[in-house]
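Open the model in your viewer and keep the selection panel handy. We will go from stop to stop, picking something to select and then saying what is there.

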Amino acid sequence: MREVIIPNSIVQQLLTIDANKEQMGVLLPNENKSPIVYDKIMLRYDDHPDNDTCKLNDIVFDEVCFHTHPKVCYDIYKTDRGWPSIYDTKSFLEIDKIRVLLIISIEGIYLLVKKKRETSHLSNGVDTLYKTRFKKVGSDVLTIDKFLTEINEYFGDYARMYLVERKNASQGNFMISFM
Ligand SMILES: [Zn+2]
């Protein structure tokens, strides 16, 4: 297990990234500190000309990655739930290099953390799960709590997904342990 800290100053910056467009980047570690502190944000600007969001090839590959789900995403998909998209979850599971993914949303920070080395075998089943269980629109909608319970049941021991609500996220450091 690797233990790292994302200090509150970085969390605060993530929470206040420009809310009008989707942005992504990586956090960079200061390996000299123990435990390791991710104390630098590297933003990668992204020009979605077609406003289509969250595609696999948009993800910046590194150990700790993040992207935002700004208000515009909620409007496009007519939803009040900005949880990880099917593409987000699949790329997190498939891309070895990504060990932690933070998704900065209106409701808070979704935190996806790998607990085992190899998780790509879980990716295929994600399509079915999202298409049958996780509709964000229409009458068959899930609460965020139920979504998290179901996705974590599916992840088993291999990974974890959390939502740190905004009011809690702004309170302190993130301490994360991952494989
Ligand atoms: Zn996304």
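A residue counts as exposed if 12 or fewer other C-beta atoms lie within 10 Å of its own, and as buried if there are 20 or more. With that in hand, select K78, which has 9 C-beta neighbours inside 10 Å and therefore counts as exposed. K78 sits in the loop between α2 (71-76) and α3. Check its backbone too: phi is positive, about 50 degrees, although K78 is not a glycine. For background, most residues other than glycine have a negative phi, and most peptide bonds are trans.

Now zoom out to the whole chain. Please remember that this is a predicted model. The mean pLDDT of the protein chain is 86, with 87% of its residues at 70 or more. Colour by pLDDT and look at residues 48-59, where the value is below 50; beyond near neighbours in sequence, this stretch has 17 contacts in the model. Where pLDDT is low, the predicted coordinates should not be read in detail.

Switch to a cartoon view. The protein chain has six helices and eight strands, and from the N terminus on they follow the order β-α-β-β-β-α-α-β-β-α-α-β-α-β. Of its 179 residues, 32% count as buried. Among contacts between residues at least 6 apart in sequence, 74% join residues at least 24 apart.

Next, select strand β2 (residues 24-30). Is this strand largely enclosed or open? Five of its seven residues are buried, so β2 is largely enclosed by the rest of the structure. Add strand β3 (residues 36-44): β2 and β3 pair in the antiparallel sense over seven bridges, and a hairpin of five residues joins them. Add strand β4 (residues 64-68) as well, which runs antiparallel to β2 and is joined to it by three bridges. M24 makes a good landmark here, standing opposite R44 in β3 and having H67 as its bridge partner in β4.

Stay with the loop between β2 and β3, where you will find P35. Select S34 along with P35: the peptide bond that joins them is cis, with omega about -5 degrees.

Time to look inside. The largest nonpolar core has 36 residues, and those with the most contacts inside it are F66, L101, L102, I109, Y110 and L112. Strand β5 (residues 100-104) gives the largest share of this core, five residues. In soluble globular proteins, nonpolar side chains tend to be buried together. Which residues does L102 contact, leaving aside its neighbours within four places in sequence? They are L14, F66, I109 and L111.

From the core, move to helix α3 (residues 86-94). Select D88, T89, K90, S91, F92 and L93, which are buried. To see what covers the buried residues of α3, show β5, β6 (108-114) and α4 (123-133), which are among the elements that do so.

Our last stop is R133, in helix α4. Is R133 buried or partly exposed? It has 14 C-beta neighbours inside 10 Å and so counts as partly exposed. Not counting residues up to four places away in sequence, R133 touches L142 and E150. Put a distance label between the C-alpha atoms of R133 and E150: they are separated by 8.9 Å, and the two residues are 17 apart along the chain.

Technical notes
Residues are numbered from 1 along each chain as its sequence is written. This is a predicted model: local features need pLDDT of at least 70, side-chain atom pairs count only at pLDDT 80 or more; totals for chains, interfaces and linings use all residues. pLDDT is the predictor's confidence in each residue, from 0 to 100. Two residues are in contact if their C-beta atoms, placed from the backbone, lie within 7 Å. A nonpolar core is a set of buried Ala, Val, Leu, Ile, Met, Phe, Trp, Tyr and Cys residues joined through C-beta atoms within 7 Å. Helices (H or I, at least four residues) and strands (E, at least two) are DSSP runs, numbered from the N terminus. Two strands pair if DSSP finds at least two bridges between them.
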